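User: I should like a close look at one part of this model, with the reasoning set out step by step. Please keep the account formal and connected.

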Amino acid sequence: MTEHQTALSPDLLRRRCDPDALGFATTDALEPLEQLIGQERAVEAIRLAAGMRHRRFNLFVHGPEGSGRHASVVQLLEEAAGARPVPDDWVYVHNFDAPDRPRALKLPHGTGPAFRKAMAELVDDLAQGIPALFESEEYQSRRAAIEEDFGNRNEKAFSGLAQRARDRGVAILRTPMGFALAPTKDGEVQKPEVIEKLPEAERNAIREHVAQTQTELSAFLESLPRIEKEHRAAIAALNAEMAQQVVDLNLADMRKDFAGISVLQTHFDALRRDLIANAELFLKAGSQGGDGPFPIAPARVHDTPRFHRFAVNVMVSHASDALAAPVVVESLPTLANLTGRVEYMQQMGTLVTDVTLIRPGALHKANGGYLVLDARRLLSEPFAWEALKRCLETAEIRIIGAGERLGMSATTTLEPEPVPLDLRVALIGDRMLHRLLELHDPEFSQLFTVTAEFGPDMDRHEESMTLFARQVAAVVRREALRAVTADGVAALIECASREADDREKLSLELSRLWDVLREADHRAGEAGAATIDRDHVEGAEAARLRRTDRVGERMQEMIARGSVMIDTRGSVVGQVNGLTVASLGAARFGWPARITARVRLGAGQVIDIEREAKLGGPIHSKGVLILSGYLSTHYLPEIPLSLWASLVFEQSYGGVDGDSASVAELCALLSALAGVPLTQSFAVTGSINQQGAVQPVGGVNEKIEGFFDACSAHGLTGRQGVLIPRRNVDNLMLRADVIQAVAGGLFQIHAIDHVDQALELLTGLPAGKRSLGGDFEPGTVNANVEARLMDFAETRRDFGRASAPMPERRDDD
């Protein structure tokens with residue numbers, strides 16, 4: 001095949017988009033399209049997960065960065081949320097029976113804040129009403145009556161005891177140490193020495209009277225605590241009766257306002273009992289006023305910690321006029337942000353908590369709807385992944401802090417009642433993360449049964465280009481950019497094909513394209529243009545590449561100065577220009593690399609120096625083994641290969657991987673065997689199979705442009721060019737300067753199908769085919785290679801004979 005047959009014409013080097021075929025002047029004439037394009041498979045999966053009610057149908061979304069996964073998932077879930085009912089409110093209230101286990105109450109949506117406000121007003125009203133009631137004349141008179149009654153009972157009992165003692169001739173004396181008894185006569189206390197002089201019978205009577213009085217006094221004293229208890233009970237009963245009046249009066253309105261919610265009626269019953277039993281809490285919280293010229297508003301006593309037992313903690317609430325279920329995106333999925341937490345406050349040097357310090361997590365906020373999480377961030381947070389799985393498995397949200405999980409909680413805490421969970425979780429990650437979870441977490445596949453994969457590109461045809469243009473119009477409208485002309489949209493379409501590395505595709509990694517559009521809008525503004533056209537788009541793309549191409553430019557500089565040795569003229573035996581490509585973040589650039597081969601007589605071994613130096617990756621080593629297989633079977637298949645050869649990337653000090661240099665390596669090896677020089681004006685890329693067919697490779701645009709830049713620095717001669725696999729022609733979306741050079745005859749690009757075509761272009765000689773007799777045509781490259789291999793084989797055979805030991809001579813004398 002001649003050069004003319006393999007050379008590509010300029011129109012094959014880039015697929016242009018005809019602006020006239022788009023059918024509009026500017027994007028102002030288009031209807032903006034906010035929906036995804038080219039992701040039908042992913043959209044179907046997302047809608048399935050959003051619509052399914054079974055709790056196992058959670059969603060994992062993966063795809064390339066910049067493909068719009070996050071925004072698209074949120075948009076589709078928000079659409080589905082409109083078909084779901086608005087979920088109920090959830091509140092926590094104090095559990096009067098078990099104070100460390102707050103109760104979770106489900107209320108109709110929109111009711112939570114109203115209930116919280118009503119409870120706060122109730123506490124404030126009672127803080128005013130109860131003290132006022134206890135200061136009323138009715139209370140004071142009734143309490144005075146109780147005090148008087150019990151006082152009279154005590155006084156009457158003591159008076160009777162004292163009279164009976166006097167009748168017996170015994171006086172009851174009050175001393176600092178209590179009561180004392182003393183005998184009397186005629187109203188005078190008798191001294192002990194006087195009593196000792198009395199007759200025995202009289203002394204015994206006095207002792208009996210004193211003992212009897214002592215017994216009665218003891219009985220009286222023992223009755224005092226009982227009487228005091230009855231006194232306190234009477235006061236408590238009065239207090240409860242009076243408190244009940246104001247509590248029932250204030251609770252009546254709340255019961256009426258929330259009459260249709262049975263769970264609140266039960267709570268009101270417990271609340272009523274506790275308010276009446278703890279009415280004294282309100283006695284010190286009366287209204288506060290002042291004597292100054294400005295009145296002071298009543299105190300918000302419900303904010304005082306001692307009244308938090310009556311507070312309502314609204315965990316999640318939805319407006320009464322809400323029309324859709326929630327869609328929550330949690331950007332920092334820590335354990336606390338997912339499941340909620342219990343906070344603490346310091347009082348008297350200790351940490352305390354109550355029902356008002358329970359904080360909701362993303363699961364509470366998304367309950368009844370959808371929760372969107374970044375999978376990598378979720379897995380990087382301690383305990384978060386396990387907590388999410390536990391909540392999904394048990395269908396309830398249980399608040400457990402990290403300290404409790406580790407057994408390190410050093411203070412009293414709360415155990416809030418779990419909240420029932422009903423939501424759909426969407427994890428957004430990448431393919432590798434999805435695969436690792438499937439392999440190493442058996443619970444993952446049970447909980448996330450739907451996978452939505454975002455593709456990197458879509459077919460480029462008239463319909464897809466129209467949809468793409470409408471998406472450009474949507475970005476223009478959404479971000480208030482300048483309108484884009486038809487040729488500007490055409491330039492963006494070409495950028496999309498270049499990003500896809502395929503002129504028959506459009507990249508769906510749209511974030512980069514929209515960045516180009518935004519920069520083009522900026523450039524249009526600087527130029528004072530009313531619209532964005534092709535020049536602005538191409539200028540923005542060129543500027544973006546220039547900003548990220550410092551390493552690539554430095555490499556080209558080293559080639560131009562000769563620090564990296566690359567020839568673009570002349571011919572050398574066993575040496576060829578290969579092509580390599582590097583990716584540094586968003587930057588991709590290519591450059592030529594010198595590949596050399598050396599051969600000698602050996603035992604059929606091809607040494608890959610990169611592999612021996614542990615610089616070659618497994619795919620590169622595989623490529624070398626494949627070309628070894630081609631060499632062994634294509635030449636002298638019936639004779640052992642008697643060759644030692646070495647292959648190396650010269651001046652390569654980093655890792656080398658990939659098989660895209662295997663065609664170039666084989667050409668260098670065959671050149672060294674045939675003794676035929678290879679032109680250095682060409683660079684070669686392509687992988688090879690064991691039949692010698694050339695296979696497509698990646699990064700073909702960057703590789704061609706890298707060698708073109710090296711040739712431009714040395715001066716274009718018209719003989720320089722690149723050999724690429726023919727199956728890579730559809731990947732060509734080259735720069736304008738490369739296409740211009742090809743059109744002007746200053747640069748060549750050849751598409752090849754077989755290594756023989758590469759040999760003919762690199763040597764200028766025919767590769768040669770086997771004749772019917774089995775030999776290659778004389779004077780061809782393949783004939784020279786086979787002849788050299790035959791020489792090696794014969795030499796090896798002769799050397800083996802010469803080095804074989806002589807048989808011993810035996811005398812039969």
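Is Gln651 buried, partly exposed or exposed? Please begin there, and then describe helix 17 and its surroundings, followed by the packing of helix 21.

Analyst: The model is a predicted one. Gln651 has a relative accessible area of 31%. Buried residues lie under 20% and exposed residues over 50%, so Gln651 counts as partly exposed. The residue sits in the loop between strand 24 (643-649) and helix 24 (662-674). Its backbone is also worth attention: the phi of Gln651 is near 55 degrees, a positive value, and the residue is not a glycine.

Ala480 offers a second case of this kind. Its phi is positive as well, at about 55 degrees, and Ala480 is likewise not a glycine. Ala480 belongs to the loop that joins helix 17 (462-478) to helix 18 (486-500). With a relative accessibility of 68%, Ala480 lies over the 50% cut-off and therefore counts as exposed.

From this loop one may turn to helix 17 itself. Helix 17 packs against helix 19 (residues 510-527), with the two axes 11 Å apart and an angle of about 60 degrees between them. Because this angle is neither under 35 degrees, nor over 145, nor within 65 to 115, helix 17 is oblique to helix 19. The crossing of helix 17 with helix 19 is right-handed. On the side of helix 17, the contact involves Phe468, Gln471, Val472, Val475 and Val476. These residues meet Leu510, Leu513, Trp514 and Leu517 of helix 19. Sorted by class, the contact of helix 17 with helix 19 comprises eight nonpolar residues, one polar residue and no charged residues.

A further helix pair can be read in the manner just used. Helix 21 (residues 550-561) and helix 25 (residues 700-714) have axes that come within 9 Å and cross at roughly 40 degrees. This angle also falls outside the ranges for roughly parallel, antiparallel and perpendicular, so helix 21 is oblique to helix 25. Helix 21 passes helix 25 in a right-handed crossing. Helix 21 contributes Gln556, Ile559 and Ala560 to the contact, while helix 25 contributes Gly706, Asp709, Ala710, Ala713 and His714. In the contact of helix 21 with helix 25, four residues are nonpolar, three are polar and one is charged.

Definitions and conventions. Residues are numbered from 1 along each chain as its sequence is written. This is a predicted model: local features need pLDDT of at least 70, side-chain atom pairs count only at pLDDT 80 or more; totals for chains, interfaces and linings use all residues. Side-chain values use heavy atoms; hydrogens and water are left out. Helices (H or I, at least four residues) and strands (E, at least two) are DSSP runs, numbered from the N terminus. Buried means under 20% relative accessible area, exposed over 50%, partly exposed in between (1.4 Å probe, protein chains only). Axes are lines fitted to C-alpha atoms, for helices over the stretch in contact, and angles run from 0 to 180 degrees between N-to-C directions. A crossing is left-handed if the near helix is turned anticlockwise from the far one by less than a right angle, and right-handed if clockwise. Contact means heavy atoms within 4.5 Å. Ala, Val, Leu, Ile, Met, Phe, Trp, Tyr, Cys and Pro count as nonpolar, Asp, Glu, Lys and Arg as charged, and the others, Gly among them, as polar.
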